[in-house]
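The following exercises are meant to be worked through with the sequence and the structure side by side. Each task is followed by a solution in steps.

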Protein chains: 2
Amino acid sequence: MKSPSLSDDGTPVEPKYSETALRILEAAERLFVELGLEATSLRLITQQAGVNLAAVNYHFRSKAALFEAVFARRFEPWARECLRELGRLEARASAGTARFDAEAVMMCYVRPALALSKDPARGGALFVRLFSRVLVENHRVLRETLSRDWGHLVTRYSEALGRALPGLSAEEVAWRLHLGFSVMFHAFAGNDILKLFGRSAVSARDPDLIVKHVVPFVLAGMGAVPRAGSSAQ
Amino acid sequence: MKSPSLSDDGTPVEPKYSETALRILEAAERLFVELGLEATSLRLITQQAGVNLAAVNYHFRSKAALFEAVFARRFEPWARECLRELGRLEARASAGTARFDAEAVMMCYVRPALALSKDPARGGALFVRLFSRVLVENHRVLRETLSRDWGHLVTRYSEALGRALPGLSAEEVAWRLHLGFSVMFHAFAGNDILKLFGRSAVSARDPDLIVKHVVPFVLAGMGAVPRAGSSAQ
DNA sequence: GTACGTTTAAAACAGACGTTTGAGACGCTG
DNA sequence: CAGCGTCTCAAACGTCTGTTTTAAACGTAC
């Protein structure tokens with residue numbers, strides 16, 4: 001997942017994929033989400049994509065490289081949208097047309113996540129699930145790439161939340177960022193622990209419904225007063 | 001994962017494992033967490049356990065059955081402790097010696113999770129991570145078993161939270177249960193999305209520290225006032 | 001028309017996988 | 001000591017894996 005080159009107007013140039021490569025990407029994305037990286041064979045991918053087996057190694061060097069391509073195709077546009085949101089918030093706060101509070105920072109994540117979840121053309125909710133697989137499966141290569149090329153994304157959110165919650169220690173801000181993003185991330189990914197027991201009463205697949213419930217929850221959590229005796233007071 | 005038989009005094013009888021079977025269970029637990037089910041080969045497990053390859057199929061019928069045994073060995077004692085906690089809370093609330101509020105219900109989950117995380121003899125934090133892999137990998141067999149044998153565990157928590165938050169609609173209670181347990185579960189499992197970017201400032205591996213920060217966060221979220229216009233008001 | 005780079009096709013590669021086999025070792029009971 | 005169930009061991013089974021190879025088809029430029 002190397003950083004894509006930029007065209008003259010600064011918008012990223014998406015690598016051009018051939019018809020065959022695109023069919024592979026789409027079948028692979030669906031199967032990686034449903035079965036995981038290891039359990040998905042190239043033969044199953046090419047069969048569902050209706051292409052030849054060797055096409056994978058021709059268009060994408062290897063299975064691992066295919067996985068990275070699948071991930072990068074969805075992740076990079078989304079991450080850039082998050083950065084744009086943060087930039088817009090800072091600009092409007094400087095201009096005095098917006099409050100720089102926890103809700104505003106949170107919405108810089110919620111809006112891109114919601115837009116992504118509702119847009120099948122960009123992978124929709126499927127990619128968010130793939131992302132959560134990456135998280136728990138802890139792919140080494142992808143972790144290195146995310147850390148190297150996109151670590152500043154987290155840094156930006158961290159600084160923004162610190163500015164939105166003045167008076168809190170850096171440690172306390174880090175924890176609220178951690179917990180807040182955990183809920184939101186897993187809520188959008190549909191990782192419902194209660195559903196595993198077949199007893200979840202929420203239909204956690206509707207993105208708008210997720211936002212409606214997760215936003216007040218996280219806002220309340222982020223604004224929580226630290227417990228008495230907390231070292232992070 | 002069939003329900004274990006009960007001895008005369010009602011305490012569950014843990015299946016007796018031979019020395020070899022135990023070595024397999026322990027090596028498998030560690031490797032399943034680190035590599036996942038598919039990526040962990042029986043040859044690697046038996047090699048690290050210092051036993052013969054065929055011992056796995058002798059002691060545990062198949063690889064899938066081994067995985068279920070690994071999971072059940074840790075899960076069942078923990079789930080029973082959760083049920084005991086809920087029972088104790090109900091008893092003390094009836095006796096008037098305890099308040100039946102959201103915090104009390106939440107602690108019925110936090111205490112067992114904390115105790116488990118700090119006890120290496122019961123799998124410690126390792127098992128919680130394994131559990132979270134089960135969640136996103138969505139193993140069919142395990143899901144069926146959890147739903148059939150342990151669905152009532154979730155029902156109990158759900159009823160308890162509904163009782164602790166009177167005046168809220170069932171849908172609203174379900175969402176707060178879902179979101180609250182999501183944070184707690186993934187916090188204990190150490191599924192830190194920020195860490196994936198190498199920029200997490202929290203050392204989310206210390207169970208006591210997790211509790212200290214996650215409890216106020218979740219309590220605030222669960223007590224959050226629903227947004228205006230919410231259908232779940 | 002012919003040469004060329006690009007893409008597809010079928011087949012084969014070596015290796016790893018989960019599982020099974022059959023023989024032998026061990027510890028008990030009579 | 002003999003008999004027997006429990007367990008271990010090395011070897012092999014057939015299947016599936018990611019990858020490579022070889023040949024053929026395609027569109028385009030000379």
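**Exercise 1. The fold of chain A**

What percentage of the contacts in chain A with a separation of 6 or more is accounted for by residues 24 or more positions apart?

*Solution.* The model under study is predicted.
Step 1. Begin with the secondary structure: chain A has nine helices and zero strands. Along the sequence the pattern is accordingly written α-α-α-α-α-α-α-α-α.
Step 2. Take the contacts in chain A with a separation of 6 or more: 70% of them join residues 24 or more positions apart.
Step 3. Add the burial of the chain: of the 233 residues in chain A, 54% are buried.

**Exercise 2. The interface of the two protein chains**

Describe the contact between chain B and chain A by its area, its polar pairs and the elements of chain B that take part.

*Solution.*
Step 1. The size of an interface is often given as the accessible area lost when the parts come together. For chain B and chain A this area is about 5800 Å², with 74% of it on carbon and sulfur atoms.
Step 2. Among the elements of chain B, those giving two or more residues to the side that touches chain A are α6 (124-137), α7 (140-164), α8 (170-189), α9 (193-196) and α10 (207-222). The largest share, 15 residues, is that of α8(B).
Step 3. Sorted by class, this side of chain B has 38 nonpolar, 16 polar and 12 charged residues.
Step 4. Count the residues on both sides: 66 come from chain B and 67 from chain A.
Step 5. Examine the specific pairs. Zero salt bridges are counted between chain B and chain A, while nine residue pairs are in polar contact across the interface, both residues being at pLDDT 80 or more.

**Exercise 3. The surface near DNA strand D**

Which residues come nearest to DNA strand D, and which residues of chain A have polar atoms beside its phosphate oxygens?

*Solution.*
Step 1. There are 15 residues around DNA strand D, and A:L42, A:R43, A:K63, B:T20 and B:H59 come nearest. Of the atoms of DNA strand D within 4 Å of the protein, 46% belong to sugar and phosphate.
Step 2. Consider the phosphate oxygens. One is 3.5 Å from a polar backbone atom of A:T40. The side chain of A:S41 has an N or O atom 3.3 Å from a phosphate oxygen, and for the side chain of A:N57 the corresponding distance is 3.4 Å.
Step 3. Assign the surface to elements. At least two residues each are supplied by α2 (42-49) and α3 (54-59) of chain A and by α3 (54-59) of chain B. The most, three residues, comes from α3(B).
Step 4. By class, the surface near DNA strand D divides into five nonpolar, seven polar and three charged residues.

**Exercise 4. Two individual residues**

Is A:H213 buried or exposed, and where is B:V202 placed?

*Solution.*
Step 1. A:H213 belongs to helix α9 (residues 207-222) of chain A. Its relative accessible area is 5%, and A:H213 is therefore buried, the limit being under 20%.
Step 2. The side chain of A:H213 reaches the backbone oxygen of A:L209 at 3.1 Å.
Step 3. B:V202 is found in the loop between α9 and α10 of chain B. Because its relative accessibility is 11%, B:V202 also counts as buried.
Step 4. Leaving aside residues up to four places away in sequence, B:V202 touches A:A174, A:W175, A:H178 and B:D192. B:D192 is 10 residues from B:V202 along the chain, and their C-alpha atoms are separated by 9.2 Å.

Note on methods. Residues are numbered from 1 along each chain as its sequence is written. Chains are lettered from A and ligands numbered from 1 in the order in which they are written. Side-chain values use heavy atoms; hydrogens and water are left out. Contact means heavy atoms within 4.5 Å. Buried area is the accessible area (1.4 Å probe) that two parts lose on being put together, summed over both. A salt bridge is a side-chain nitrogen of Lys or Arg within 4 Å of a carboxyl oxygen of Asp or Glu. A polar contact is a pair of N or O atoms within 3.5 Å; within protein, one must be able to donate a hydrogen and the other to accept it, and residues adjacent in sequence count only if both atoms are side-chain atoms. Helices (H or I, at least four residues) and strands (E, at least two) are DSSP runs, numbered from the N terminus. Ala, Val, Leu, Ile, Met, Phe, Trp, Tyr, Cys and Pro count as nonpolar, Asp, Glu, Lys and Arg as charged, and the others, Gly among them, as polar. A residue is near a molecule or strand if one of its heavy atoms lies within 4 Å of it. Buried means under 20% relative accessible area, exposed over 50%, partly exposed in between (1.4 Å probe, protein chains only).
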